[in-house]
Amino acid sequence: MSRLLTRGHDAAAAAIQGMIAGPPPHAIVITGPAGVGKTTLALDLAAGLLCDAPDPAQRPCRECRGCHLVERGSHADLHRLAPSGAGNQIRIGARDEPEPGTVRRLISDLALLPVEGGARVALIEKADRLNEDAQSALLKTLEEPPAGVTIILCADQEDQLLPTVRSRCVKLRLGPVAIRDIETILAEAGVADPPTAARLARLSGGRPGIARVWALAPEAVTARAEIARSLLDLAVEGAARRLSVGRELLGRAAELVRALDRAAERPTNEVPAAPAKRSRKGSQPIAGPSTETVAPKAEDTSATGAADGDPDDAAVRDTRAPAAERRRAAAQIVEIWRDLTRDLVLVGLGEERRLRDPAMLDELRGSTDLTATQLGPFLARLDRTAELIDANVSPELALDVLLLAWPRRAAAA
């Protein structure tokens, strides 16, 4: 019986078991959408390679010292590197005495002898956040790593890696996980009851990591539904109303992103708080305890205006927020908008069983005058806008263009 923690990726898990049995490749790149399970698969491989069980077929045993250290994230021979800082980049580091968390420091650490006396594993998360200089610095180590070293790169966007990097690695590609498998993952983690797990499995688009974070942030699920309904309501509004609501949506999306960030830092077994009930048009709770535990400081002008729900103050707060935060909020709106548009098309085609968010079925049925002919080009526009936001286009401008291009319902027109 497999002791891997990976679920829903049978072919990739079988490949990992073969690598554990040995000999493992010197470099592997695992690609796939964010939250699909790349890091979990990489840690399964790391646990197997650093396991102390004498029989390779029993690795990872999940019982030995090596497995326990990997599970706690404290194994001295497991070197992890991830993006950090405002730019969310993996830095190359100084040539002399490179600082921790940089590529050159990783290369320096891998040149040392193993602490535990066995294999060594380097795990680079979000390797597509390595710039070209950092990737070039890593090339020599990828081609000729020290003895006993296995380097694992996880990347959301494979095309962001240099061809010379990809050519030196064994490739594993992960696709979306089946809904039933995600339901099982959430149940095993104890973070959602069966009905909630079924809904989050659909909302996540086959990405168990995303589903887990949504499960730990019920207030974010509520905010997501509010944004989707607001976008649907705007299909009957004119240009002036659309542009005025756009700033409110960006502020609400920023709150959603912060809730997801807090959830991502929580232990898996932490029970999420019940979300506060909110009105459809406002942004304040109607009843119930607040899920926000940290109040903004009085002197922090970038956070003022959120408490009283004034749209103008929310817009001021949003424009003063860091650019990276505003881009993430805009990207979240585009993702919600894409799911909403897709679901509208599916309802129009009679494919309601394939909806991303069945909880909105009644509202979607009331908007069937938005046709696939209108929505198809808009889906392509959403995809292009997501790329532009990632390329540092003004998030406010990008959303304004989308709001004006959002098809107007025929009944309203």
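The lining of the largest cavity in this predicted model consists of Arg 224, Ala 228, Ile 336, Asp 339, Leu 340, Asp 343, Arg 356, Asp 357, Met 360 and Leu 364. A cavity here is a set of points, on a 1 Å grid over the protein atoms alone, where a 1.4 Å probe fits but cannot get out, and lining residues have an atom within 4 Å of a point. H10 and helix H13 (323-348) are the elements that give two or more residues to this lining, and the largest share, four residues, comes from H13. Helices are DSSP runs of H or I with at least four residues, numbered from the N terminus.

By class, the lining has five nonpolar, no polar and five charged residues. Nonpolar covers Ala, Val, Leu, Ile, Met, Phe, Trp, Tyr, Cys and Pro; charged covers Asp, Glu, Lys and Arg; the others, Gly among them, are polar. The space in the largest cavity is about 50 Å³, where a volume is the space filled by probe spheres set on grid points joined across faces, edges and corners.

A word on conventions. Residues are numbered from 1 along each chain as its sequence is written. Local features need pLDDT of at least 70 and side-chain atom pairs count only at pLDDT 80 or more, while totals for chains, interfaces and linings use all residues; side-chain values use heavy atoms, with hydrogens and water left out.

How many cavities of 30 Å³ or more are there? The count is two. The second largest has a volume of about 40 Å³, and its lining is Leu 203, Arg 207, Ile 210, Trp 214, Arg 224, Gln 332, Glu 335, Ile 336 and Asp 339. Helix H9 (208-215) and H13 each supply at least two of these residues; H13 again has the largest share, with four. The classes are four nonpolar, one polar and four charged. Arg 224, Ile 336 and Asp 339 line both cavities.

Next, the helix packing. H10 (residues 218-233) and H11 (residues 239-264) pack at about 155°, axes 9 Å apart. Axes are lines fitted to C-alpha atoms over the stretch in contact, and angles between N-to-C directions run from 0 to 180 degrees. The pair is therefore roughly antiparallel, the term for angles over 145 degrees.

On the H10 side, the contact (heavy atoms within 4.5 Å) includes Arg 224, Ile 227 and Leu 231; on the H11 side, Leu 249, Leu 256 and Arg 262 are among the partners. The contact residues divide into nine nonpolar, one polar and five charged. Arg 224 thus appears in this contact and in both linings.

How values were computed. Angles under 35 degrees count as roughly parallel, over 145 as roughly antiparallel, 65 to 115 as roughly perpendicular and the rest as oblique. On a 1 Å grid over the protein atoms alone, a cavity is a set of points where a 1.4 Å probe fits but cannot get out, and a pocket is an open set with protein on both sides within 12 Å along at least five of seven lines; lining residues have an atom within 4 Å of a point.
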